[in-house]
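Dear colleague,

Here is the structure I promised to hand over, with the sequence alongside. Please look through it first; my notes on what was found follow below.

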Amino acid sequence: MDSTTKLRDEVTDSVHQDSLINLMRQVTYECKAMIIMSSIIICLGLMGLVIPDFTHYIVGVTVYGHCFWAAGLVIITGILGVIAHKDGILVRLMARIHLGFAIVSSLAVLVGCAIVIYDLTRLTTIPQRTQLENHLESWPWVHGLVASNAITDIIVVLLYLVFFCICLHCIMIYRTLPNQSFMERKDCQTQAQIIGQEVDLKSF
């Protein structure tokens, strides 16, 4: 009976360990993707600052500077997510900081998304807003300007929605991790108290 119970516990521990490691690896991959995609938004914003004429084609990206503060928070969140888990080690302090930034970033991207959607409703006023209505040679130029802004806005909205989903996924994972790994298992609690800031996922 004891041997059966021991074998069952070993199998359970192995499954638990693999589940935790896979979850944190998934968080790491998602955070790396966030860093790359948010860098694209920031690069577009910087190009709009450096090249004034280019700004006319990405008005929705630069309005209210959301390309910097929203995407910037996403980059920081992504970096913290990568740092929090490395080589099978979960750094508890960094994980908690990452959780906090994920919550803030999820709210920030929702605000940024709302700003871009609002800009989409004002596409027809872009020539007046950019003061180009008297400088455009023909209607095709006007349509090209509006189409460029529409495409850019839609892409940014989709990216913000992806960021929100990733942040929400990270929040859900971190909210379930303590219940699975730190609260239910006494040996994990003891190890967490001894190590302090780092918890070896491979030992769960």
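Helices here are DSSP runs of H or I with at least four residues, strands are runs of E with at least two, and both are numbered from the N terminus. Please keep in mind throughout that this is a predicted model.

With that naming, the place of Tyr 64 is the loop between α3 (59-62) and α4. Tyr 64 has a positive phi of about 60 degrees, although it is not a glycine, and its side of the story is completed by a relative accessible area of 63%, which makes Tyr 64 exposed.

As for the overall layout, the protein chain has eight helices and three strands, and along the sequence these elements follow the pattern α-α-α-α-β-β-α-α-α-α-β. Of the 204 residues in the protein chain, 41% are buried, while the area that the chain exposes comes to about 11400 Å², with carbon and sulfur atoms supplying 66% of it. When contacts between residues at least 6 apart in sequence are considered, 77% of them join residues at least 24 apart.

The interior deserves a closer look. In soluble globular proteins, nonpolar side chains tend to be buried together. In this model the largest nonpolar core has 36 residues, and those with the most contacts inside it are Met 34, Ile 41, Tyr 160, Phe 163 and Tyr 174. At least two residues of this core come from each of α1 (2-50), α4 (66-84), β2 (89-91), α5 (92-120) and α7 (139-183), and α7 gives the most, with eleven residues. Phe 163 touches Met 34, Met 37, Ser 38, Ile 41, Val 74 and Val 109, if residues up to four places away in sequence are not counted.

Thr 28, found in helix α1, is buried, with a relative accessible area of 9%. Leaving aside neighbours within four places in sequence, Thr 28 is in contact with Gly 81, Val 82 and His 85.

Finally, a word on the cysteines: why does Cys 167 form no disulfide with Cys 170? The sulfur of Cys 170 is the closest cysteine sulfur to that of Cys 167, but the distance is 6.4 Å and therefore too far for a bond, given that a disulfide requires the two sulfur atoms to be within 2.5 Å. A search of the whole structure likewise finds zero disulfides. Cys 167 is buried, with a relative accessible area of 1%, and Cys 113 also counts as buried, at 7% relative accessibility.

With best regards

Technical notes:
Residues are numbered from 1 along each chain as its sequence is written. This is a predicted model: local features need pLDDT of at least 70, side-chain atom pairs count only at pLDDT 80 or more; totals for chains, interfaces and linings use all residues. Side-chain values use heavy atoms; hydrogens and water are left out. Buried means under 20% relative accessible area, exposed over 50%, partly exposed in between (1.4 Å probe, protein chains only). Contact means heavy atoms within 4.5 Å. Accessible areas come from the Shrake-Rupley method with a 1.4 Å probe; for residues, only the protein chains shown count as cover. A nonpolar core is a set of buried Ala, Val, Leu, Ile, Met, Phe, Trp, Tyr and Cys residues joined through side-chain atoms within 4.5 Å.
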